[in-house]
Amino acid sequence: MSRVAVVTGSNKGIGFSIVKLLCQRFDGVVYLTSRDVERGKEAVKKLEELGLHPNFHQLDVAVRSSVEIFKHYLEENYGGIDILINNAAVVDAGFKTCSFDEAKRVIDINYRSILTMHELIYPIVRNGGRILNISSDCGHLSNIRNKFWIEKLSKQDLSVSDVNEFVEWFLESKKNGTFNVDDIANGASVAAYRVSKVAVSAVTMIHQKEYDNKNISINSMHPGLVRTDMTAGVGFYNVDEAAQTPVYIVLDAPQSLKGAYVWFDRKVIDWYDYNADYYFKMKTITG
């Protein structure tokens, strides 16, 4: 049976470069996925012009039925998968402020999709498999300044329901107008993105504990400030450089690397150190 790697949201940006590098290095079938079929097929064509041959499947991570269709396809054709990189994500349309509807969209795509993938796709990851959630420096606990949530998210027995409660607290505050910018670092710039990525980093550690007995490694990582559409072209790395560490984590890192929050330079960072200087600073983009 063929080994299989899947990268979500991979028709452009870091996801596209991860697929490209996996096609060069992974001994198996690589799936480029995207919400939009035409854009996905165009991305595959670009890689084929480089002599690479990824497979394509439509996947909208925010739509449960789309994930279910993909799951059944993978089971029927391969029996399971070996590598899953959850890369699909969006950022707040307005860097400084966003509406409730926009915040919900960011949360649904960036965080709640991980819960859907956990429910439907994680169970078909084979023994010894690897799952990587692309997080961000926005996903470090130091992005949160609300003392109640710092303490709650720092619990060693943190549960998915705790993380969901944190996300709902944020969304409710956006809905009813009680959101306090002092609760999020850096004047609450890209607040929905920060909350979504903190939730992703937190739930990564929870899911790892569930899968320890199956010898599956589940980690999250910050890819660095990368020049993509999401950063309006500002960044220290191009997408091909940024793909190096994610591919290292799923192909080369020791299987013992589990439940970690990894920085772009491959160092494991203490996610719980809320006093650290790891939080995202808007000036890195605006100058």
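Arg105 sits in helix α4, which covers residues 100-120. The model is predicted. With a relative accessible area of 36%, Arg105 is partly exposed, because that label covers values between 20% and 50%. What does Arg105 touch once neighbours within four places in sequence are set aside? The contacts are Val90 and Val91. Val91 is 14 residues away from Arg105 along the chain. The C-alpha atoms of Arg105 and Val91 are 9.3 Å apart.

Stay with helix α4 and look at its partner, α7. Two packed helices are described by the angle between their axes and the distance between the axes. For α4 and α7, the axes come within 9 Å and cross at roughly 10°. That makes the two helices, α4 and α7, roughly parallel, since the angle falls under 35 degrees. The α4 side of the contact consists of Ala103, Val106, Ile107, Asn110, Tyr111, Ile114, Leu115 and His118. They meet a set of α7 residues that runs from Ala192, Tyr193, Val195 and Ser196 through Lys197, Ala199, Val200 and Val203 to His207, Glu210 and Tyr211. How do the residues of this contact of α4 with α7 divide? There are 13 nonpolar, 4 polar and 2 charged residues.

Now step back along the chain from α7, which spans 191-211. The loop between α6 (160-176) and α7 holds Ser189. Asn186 lies in that loop between α6 and α7, and Ala188 has its place there too. Begin with the backbone. Most residues other than glycine have a negative phi. Asn186 is not a glycine, yet its phi is positive, about 60°. Ala188, also not a glycine, has a positive phi of about 65°.

Next comes accessibility in this loop. Is Asn186 buried or partly exposed? At 29% relative accessibility, Asn186 counts as partly exposed. Ala188 has 2% relative accessibility and therefore counts as buried. Ser189 is buried as well, at 0%, because buried means under 20% relative accessible area. Which side chain makes a polar contact with the side chain of Ser189? The partner is the side chain of Asn186, at 3.1 Å. So this polar contact links Ser189, a buried residue, to Asn186, a partly exposed one.

Move to the start of the chain. Thr8 is found in the loop between β1 (4-7) and α1. Its relative accessibility is 1%, so Thr8 counts as buried. Where does the side chain of Thr8 reach backbone nitrogens? A polar atom of the Thr8 side chain lies 2.8 Å from the backbone nitrogen of Asn87. The Thr8 side chain also reaches the backbone nitrogen of Ala88, at 3.0 Å. Residues up to four places away in sequence are not counted in what follows. Thr8 touches Leu84, Ile85, Asn86, Asn87 and Ala88. It also touches Thr33, Leu59, Val61 and Met117. Met117 belongs to the list of Thr8 contacts, and helix α4 covers residues 100-120.

After Thr8 comes α1, the helix of residues 13-25. One of its partners is helix α2, residues 37-48. The angle between α1 and α2 is about 40°, and their axes are 11 Å apart. These two helices, α1 and α2, are therefore oblique to each other. Their crossing is right-handed. On the α1 side, Phe16, Val19 and Lys20 take part. They meet Ala43, Lys46 and Leu47 in α2. The residues of the contact of α1 with α2 divide into 4 nonpolar, no polar and 2 charged.

Helix α1 also packs with helix α9, residues 244-251. Here the angle is about 45° and the axes of α1 and α9 are 9 Å apart. Again the relation is oblique, so α1 and α9 are described that way. The crossing of α1 and α9 is right-handed. Which residues make the contact? From α1 come Ile18, Leu21, Leu22 and Arg25. From α9 come Gln244, Pro246, Val247, Val250 and Leu251. In the contact of α1 with α9, 7 residues are nonpolar, 1 is polar and 1 is charged.

Conventions. Residues are numbered from 1 along each chain as its sequence is written. This is a predicted model: local features need pLDDT of at least 70, side-chain atom pairs count only at pLDDT 80 or more; totals for chains, interfaces and linings use all residues. Side-chain values use heavy atoms; hydrogens and water are left out. Helices (H or I, at least four residues) and strands (E, at least two) are DSSP runs, numbered from the N terminus. Buried means under 20% relative accessible area, exposed over 50%, partly exposed in between (1.4 Å probe, protein chains only). A polar contact is a pair of N or O atoms within 3.5 Å; within protein, one must be able to donate a hydrogen and the other to accept it, and residues adjacent in sequence count only if both atoms are side-chain atoms. Axes are lines fitted to C-alpha atoms, for helices over the stretch in contact, and angles run from 0 to 180 degrees between N-to-C directions. Angles under 35 degrees count as roughly parallel, over 145 as roughly antiparallel, 65 to 115 as roughly perpendicular and the rest as oblique. A crossing is left-handed if the near helix is turned anticlockwise from the far one by less than a right angle, and right-handed if clockwise. Contact means heavy atoms within 4.5 Å. Ala, Val, Leu, Ile, Met, Phe, Trp, Tyr, Cys and Pro count as nonpolar, Asp, Glu, Lys and Arg as charged, and the others, Gly among them, as polar.
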